[in-house]
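Subject: A structure for you to explore

Hello,

Here is the structure I promised to pass on to you. Have a look at it first, and then read my notes below with the viewer open beside you.

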Amino acid sequence: MAGKGRASVADMARVELAILRNIDAAAKKGDSAGFSRAWLAKRVGVSEWRIHSAISRLAEAGLLEQEVRFTDAGAQLPNTYTITDM
């Protein structure tokens, strides 16, 4: 990573690609691609904030859709992610 503070363009591209690869791998296995930011952060090796930022950028670019999920009792479950057919 670029160090403390702002990420370089190359760093963010690496994080975004890693997120898309994890979602694609889950989809190929038939999983729902339900990941927490904490799980993705550990998997990719970056902070949860960097994951949040990358997911937001991917969603704004129309490359990714996320669905916020809750149990019947109202507890939040990991979000599910889908790569769009753009």
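Please keep in mind that this is a predicted model.

**The overall layout**

A good way to begin is to trace the chain from one end to the other. You should find 3 helices and 3 strands, and they follow the pattern α-β-α-α-β-β along the sequence. Of the 86 residues in the chain, 29% are buried. Among the contacts with a separation of 6 or more, 45% are between residues 24 or more positions apart.

**The sheet**

Next, turn to the strands. They form an open sheet of 3 strands in the order β1-β3-β2, with antiparallel pairing. The edge strands are β1 (34-35) and β2 (64-70), each of which pairs on one side only. As general background, strands of a sheet pair through backbone hydrogen bonds, and the pairing can be parallel or antiparallel.

How many bridges join β2 to β3? There are 6, and these two strands run antiparallel, with β3 covering residues 76-83. You can check two of the partnerships yourself: Leu 64 has Ile 83 in β3 as its bridge partner, and Glu 67 stands opposite Thr 80 in β3. The hairpin of β2 and β3 has 5 residues between the strands, and Gly 74 in this hairpin takes a positive phi near 100 degrees.

**The nonpolar core**

Now for the inside. In soluble globular proteins, nonpolar side chains tend to be buried together. Here, the largest nonpolar core has 18 residues, and Val 15, Ile 19, Ile 51 and Ile 55 have the most contacts inside it. Helices α1, α2 (37-44) and α3 each supply at least two residues of this core. Which helix gives the largest share? That is α1, with 7 residues.

Ile 51 is a nice residue to select and zoom in on. Not counting residues up to four places away in sequence, Ile 51 touches Val 15, Ile 19, Arg 37, Leu 40, Ala 41, Val 44 and Val 46.

**How two helices meet**

Several of those names come back when you look at α2 and α3. These helices pack at an angle of about 105 degrees, and their axes are 8 Å apart. Angles from 65 to 115 degrees count as roughly perpendicular, so α2 is described as roughly perpendicular to α3. On the α2 side, the contact is made by Arg 37, Ala 38, Leu 40, Ala 41 and Val 44, while α3 brings in Glu 48, Ile 51, His 52 and Ile 55.

Is Ala 41 buried or exposed? This residue of helix α2 is buried, because its relative accessible area is 6% and the cut-off for buried is under 20%. Leaving aside its neighbours within four places in sequence, Ala 41 is in contact with Val 46, Ser 47, Glu 48 and Ile 51. You can also compare Ala 41 with Val 15: they are 26 residues apart along the chain, and their C-alpha atoms are separated by 9.3 Å.

**Salt bridges**

The structure holds 2 salt bridges. In one of them, the side chains of Glu 16 and Arg 57 meet, at 2.6 Å from N to O. This pair links distant parts of the chain, since Glu 16 is in helix α1 and Arg 57 is in helix α3 (residues 48-60), 41 residues apart. Glu 16 counts as buried at 14% relative accessibility, whereas Arg 57 counts as partly exposed at 44%.

In the other, Lys 28 is bridged to Asp 24, and their closest N and O atoms are 3.2 Å apart. Both residues lie in helix α1, 4 residues apart, which is about one turn of the helix. Lys 28 is exposed, with a relative accessible area of 67%, and Asp 24 is partly exposed, with 31%.

**One more residue in α1**

Finally, try finding Leu 17, which lies in helix α1 (residues 9-28). Leu 17 counts as partly exposed because its relative accessibility is 40%, and partly exposed covers the range between 20% and 50%. Its C-alpha atom is separated by 9.9 Å from that of Val 44, a residue 27 places away along the chain.

Enjoy exploring, and write back if you get stuck.

Best wishes

Conventions: Residues numbered from 1 in each chain as written. Predicted model: local features only at pLDDT ≥ 70, side-chain atom pairs only at ≥ 80, totals over all residues. Heavy atoms only, no water. Buried < 20%, exposed > 50% of the residue type's maximum accessible area, 1.4 Å probe, protein only. Salt bridge = Lys/Arg side-chain N within 4 Å of Asp/Glu carboxyl O. Core = buried A, V, L, I, M, F, W, Y, C linked by side-chain atoms within 4.5 Å. Contact = heavy atoms within 4.5 Å. Pairing = 2+ DSSP bridges. Axes fitted to C-alpha atoms, helices over the stretch in contact; angles between N-to-C directions. Parallel < 35°, antiparallel > 145°, perpendicular 65-115°, else oblique.
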